[in-house]
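Reader: I'm new to reading protein structures. Could you walk me through this one?

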Amino acid sequence: MKQQLLLFALALVLHLWQQQSHAQALPHPIMFCTQVPNPNGFGSLIGTFGNHLGSVSAAPRGGDLYIYYPNGTLKNLTQLAGYGNTGDAFGTASQQGPTSIAVRDPSVHWDGNKALFSMVIGNVAQQYQVQTYYWQIYEVTGLGENDTPVITKVPHQPENYNNVYPIYDTHDRIIFATDRPRSGQTQHYPQRDEYESSPVTTGLWQLDPFACPADNLKILTHAPSGDFSPSIDSYGRVIFARWDHLQRDQQADGDILNNNGYGSFNYSNESAAATRYSISPDIEVFPEPRGYRTDLLQPNEIGHTLNIFNPWMMNEDGTDLETLNHIGRHEMQGYFEPNFSNDNNLQYFNPGDRYNPNNLYNFHQIRESKTQAGTYYGIDCQEFSTHAAGMIASLSAIPNHTADSIYVTYITHPDTRSADNTPSANHSGLYRDPTPLSDGRLLAVHTTETREDANEGTTANPISRYNFKIKFMQQQGNYWVAGANVVPNITKSVSYWTPDVQAHYSGVLWETFPVEVVARPRPATTASHLSATEQGIFDAQGIEVAKFQNFLSKNKLAMIVTRDVTSRDDADRQQPFNLHVSNTTKQTLSNVAPTNVYDIKYLQMVQGDQIRGYGGTVNPQPGRRVIAQYMHDPTAMQYQAPTTGAQGSVNIASDGSIAAIVPAERALSWQLTNDTNEPIVRERVWLSFVPGEVRVCSSCHGENKLNQAGLPSPTNAPLALTQLLTYLKTIDTDNDGVADINDAYPNDPTKNIAQPLTENFQAGIANWIATNGGNDATQWQTQTGDACNQTAAVINNRLSTTSGNTDQLSQTIDLRYLTDATLNFDVAYARYNNTLFDQLRVKVLTCSGVSTTIYSKSGSALATAPDQITTFTPANCSQWRTECIDLSPYVGQLITLVFENQSGQGNKLYLDNVRITEIPPNEPPTVSGTNNVCSGQTSTYSISSQYPPGATFTWSVTGGTIVSGQGTATVQIMWNGSGAGSLTVVRN
């Protein structure tokens, strides 16, 4: 009877709650996660960093993925799809064992009918057991109120790594963060951040679940301290938070100065077998030391610290990575120090005279307004102990809106930025997960607690101070505060092993990560475009940009170009700004403070190497931290123009420009140095580039509007780019006597600039997979002694006892870096007679599983010699034929090339000189025909056989008339003039 009364009372409360909430009905359903409250405020599920770990201490099991509909219906998606353990506040607590789950990061598809999220499954079933669990990406469908949800694990994602923050891009690929090492090598796992040397994500990655397994995963950014919470805005930009913490290792400083016991040391390189050796005081080369390292600071040098979560943006393919609208410390933060103390022009930064009066120290959990494109909400909060909850702020950053005209608005009172034991009346609690709705309203996750979180219970019965609930935001005076709850309380009773202690929780669950379930327009895909200025330089050098980018991609390289490194933003008075290029007349001086001129001669690059270890050289902890080392990537260095500077340097050209080849998929930074290689101006963040990217910037610290001389951004055609391209065309790194695409850029007159396949079978068929379809004596092998080709692949169909059996010879071919492709192969064959003959097919198998036959000949069409009742052997080269097939539909892909013999019990079939080459569409064809003709004579002219069937051509003639063949590879010309005539042809 008591239980019935209790249930009745509960139903009454829920009914009253639903009546009350109708006044603030949602325009669309919201999806969100529940979480067992966790007092742990460092490295846990909803912390500022290190929040990607799948351990039970970081992510207590027992949460679920929910959807809440405007009519008040609440649905547990994960439970209905068969995931997780049940448990309620009125029954026996459920043991969170091997099938238990925690969930996070729901992100709804553009069509509003499915969503991605991350889920970790499992916990130990017994005390003292220790196992490792990983967040993986799942997709949920069936989101309608009357639908049955279905949850599927996304295929081909990194296994045994933590994959979080998944979103759909505009092509339905998945962009996400992961702790998979940049290199993919296990000795680098986990990557350790630059602050606490704790595990961190390695950046943002892109997954195409349906592409080739060898090509479906790409790293878009390499972030030494992690990237967080990506989204795609209405302009097609990927917006995310990045931890900018480019400073020297404080754990190593503690070991050196105070013997703090971190056991910091260096590996000699990034390899697994690298030598371990003790650090020395000057082992780090960039940036300058912290202020307390007076033993390392140069005279008049001021120490450097940096710690900020900036908003960043990029294209979906990882190109054009930079802070959001180039915003930085000058536009957002308060006081920070200059580089040097002996230059009166350099100032401590004071934001008092800038356009934006409101400081923003961090920007987490960034989401764009649904009704005001280009307006972004986020959280500014302290690093620890509040679960990344703090103040809600917003800023407007539409494309082409300069950073120095961006205004930060405090949505909640600035007192809510951090925890407070004695809060003012303005402190309305702590906020996270701002969620703009399609009707213009704003939701947020809120806790009424103002103090830092702490465990007010025990290990066995943890009690958090926080009560995170999704709430409507409502205006109160000049600021906004949390209003009514959006969903009713969700309660649960759980038990789990910590693993030493069995912990219990019974009560209301936290609500986190809300997202509106609604269709939204799919924005146009953004892409990097080379400006007309730099395009003109490539054109003048006779270099096709697409071909050059393919060369870069193939070698995992990128190119950076800066038009004028002497030009600096007028707000940056913390680093030297009166810069003069040594031994030239090039300089840019301030129109306000033109004295104290600094000579610069080189731009010196540094690369982020994972060579810092902890725990001592004898028994080190797993993983490594990134530290800066002068650029030494061997592939990038071999294509760098000669320099007189120190390692990693490139010369600054006489117009102030630089151009450099750099490694892709690795964090990089740089500094301007003088004649003696001393640093003058330093970059303050890490950047990375994707393979094939050609990145052009106006200057090293780009002008928002004007530079230090009061001038707009430089528009000069960078001389350094011309110099580097000229140099690259002279390189022959493979010592084949030709400077071609395998070296730098083709000036090989044959223009056969890429050969992903050249096979003459001199080494047999070891590079191929041979499949014997009939499991009989008829199978592919090699034969020597051929009068024309010496060694060839051959299959003897006379040995077949059954017609129709197929035997294949296949190989995976990489066409990703080609823009045009042609397959050529030589074939020799004779029928037995007109009833016993065989068939040769060539097929292309794509990674999607589609098989296409691109060549098929049999019998007399295949034959290159007369019928022969004895075993056929080609007598000479005339009994071979070269076949040519256009592979252009498959460029940019990984394919499997298959030669398939179908036996008709005919005769031997020979295959040789298989090659795939690239011939640019604008390559002048080779023409054969008669040069000396008479007026009135008709002559035939033909294109060489290097072009595939189906290629079309445009012929032009002077002194004659095209009789036939226009558009084809062969034309007839009637010459009807006197003197010299001409004939030209262009491939279409």
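Author: Sure, and let's start with a term: a salt bridge is a side-chain nitrogen of Lys or Arg within 4 Å of a carboxyl oxygen of Asp or Glu. Keep in mind that this is a predicted model. Here, salt bridges link up into a network made of Arg 182, Glu 270, Asp 609 and Arg 666.

Reader: How many salt bridges does the structure hold?

Author: That network is one place to find them, with Arg 182 among its members. Counted over the structure, the number of salt bridges is 39.

Reader: Which residue forms a salt bridge with Arg 684?

Author: Arg 684 sits in the loop between β40 and β41, and its partner is 396 residues away, in the loop between β17 and β18. Both residues are buried. The closest N and O atoms are 2.8 Å apart, and the partner is Glu 288.

Reader: Is Glu 665 buried or exposed?

Author: Glu 665 meets Lys 556 in a salt bridge, at 3.5 Å from N to O. The two lie in separate loops, so their pairing ties together parts that are 109 residues apart in sequence. Buried means under 20% relative accessible area. Glu 665 has 15%, so the word for it is buried.

Reader: And what is the relative accessible area of Asp 564?

Author: Asp 564 forms a salt bridge with Lys 586, with the closest N and O atoms 2.9 Å apart. Lys 586 counts as partly exposed at 21%. Asp 564, though, counts as buried, because its relative accessibility is 4%.

Conventions: Residues are numbered from 1 along each chain as its sequence is written. This is a predicted model: local features need pLDDT of at least 70, side-chain atom pairs count only at pLDDT 80 or more; totals for chains, interfaces and linings use all residues. Side-chain values use heavy atoms; hydrogens and water are left out. Helices (H or I, at least four residues) and strands (E, at least two) are DSSP runs, numbered from the N terminus. Buried means under 20% relative accessible area, exposed over 50%, partly exposed in between (1.4 Å probe, protein chains only).
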